[in-house]
Structures are given as structure tokens and as C-alpha cells.
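Colleague: Could you take a close look with me at one part of this predicted model? I would like to hear about the salt bridges, and about the largest pocket as well.

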Amino acid sequence: MPQSFIKLWIHAIWAAKIRQELIDYPIEKNLYDCIREELIELGCSVRIINGMPDHVPVLFLQNPQKSISDIIK
């Protein structure tokens, strides 16, 4: 029986409204941990989470059973 192998890396960027610099150092680690936990619960392997005061880029492996819209919500 043929099988398919899917490995799709997603580079998503969450930005603050109007690119306001809202991500301060005291909340930075909590925010990254929250994003990482949510992605892991959805079955996505997280490669890296980084950020700036106005946005957070994330590189993760998409779970093939989930749509990208379900993950990004």
C-alpha cells in the first residue's frame, strides 16, 4: 500500500496591532512559552520562536491532520 510523507515547515509571524512595540522583556518569555505550548498541543513541532518588540516570528512543523487556519487561530 503506498504511503505519503508530508513535512511542511511554516514560518508564521504574529504582529502587534499597528506594529506597536508592546512586547517588553518581562512578558517576552511567557509569551514565547504560551505560543510553544499551544503549538505542541496541536501536534506541531516548534523549531524556533524569536521576536522583536512589535512581532513574533515562529518556525514550526505543521501537523498534517490540522489545517493551517486551525493552527494559526
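Modeller: Asp70 is a good place to start: with a relative accessibility of 38%, this residue counts as partly exposed. Its side chain meets that of Lys73 in a salt bridge, with 3.6 Å from N to O. Lys73 itself is exposed, and its relative accessible area is 79%. Please keep in mind that everything here comes from a predicted model.

Both partners turn up again in the largest pocket, since Asp70 and Lys73 are among the residues that line it. Ile71 and Ile72 belong to the lining too, together with Trp14, Leu31, Ile35, Glu38, Leu39 and Leu42. The space in this pocket comes to about 170 Å³. Helix α1 gives the largest share of the lining, four residues. α2 (68-72) is also a contributor, and α1 and α2 each supply at least two residues. By character, seven of the lining residues are nonpolar, three are charged and none is polar.

Now to the other salt bridges, for the count comes to three. One of them joins Asp33 and Lys29, whose closest N and O atoms are 2.9 Å apart. These two residues sit four positions apart in helix α1, so about one helical turn separates them. Asp33 is partly exposed, at 27% relative accessible area, whereas Lys29 is exposed, at 55%.

Then there is the pair of Asp54 and Arg19, whose side chains meet in a salt bridge at 3.6 Å, N to O. This pair links distant parts of the chain, as the two residues are 35 residues apart. Asp54 lies in the loop between β2 (45-49) and β3 (55-61), while Arg19 lies in the loop between β1 (9-15) and α1 (25-41). Asp54 counts as buried because its relative accessibility is 17%, and the cut-off for buried is under 20%. Arg19, at 44%, counts as partly exposed.

To put the picture together for your bench notes: Asp70 and Lys73 form a salt bridge and both help to line the largest pocket. The bridge between Asp33 and Lys29 stays inside helix α1, and the one between Asp54 and Arg19 links two loops.

Notes
Residues numbered from 1 in each chain as written. Predicted model: local features only at pLDDT ≥ 70, side-chain atom pairs only at ≥ 80, totals over all residues. Heavy atoms only, no water. Salt bridge = Lys/Arg side-chain N within 4 Å of Asp/Glu carboxyl O. Buried < 20%, exposed > 50% of the residue type's maximum accessible area, 1.4 Å probe, protein only. 1 Å grid on protein atoms, 1.4 Å probe; cavity = no way out; pocket = protein on both sides within 12 Å on 5 of 7 lines; lining within 4 Å. Points joined across faces, edges and corners; volume = space filled by probe spheres on them. Nonpolar A, V, L, I, M, F, W, Y, C, P; charged D, E, K, R; others polar.
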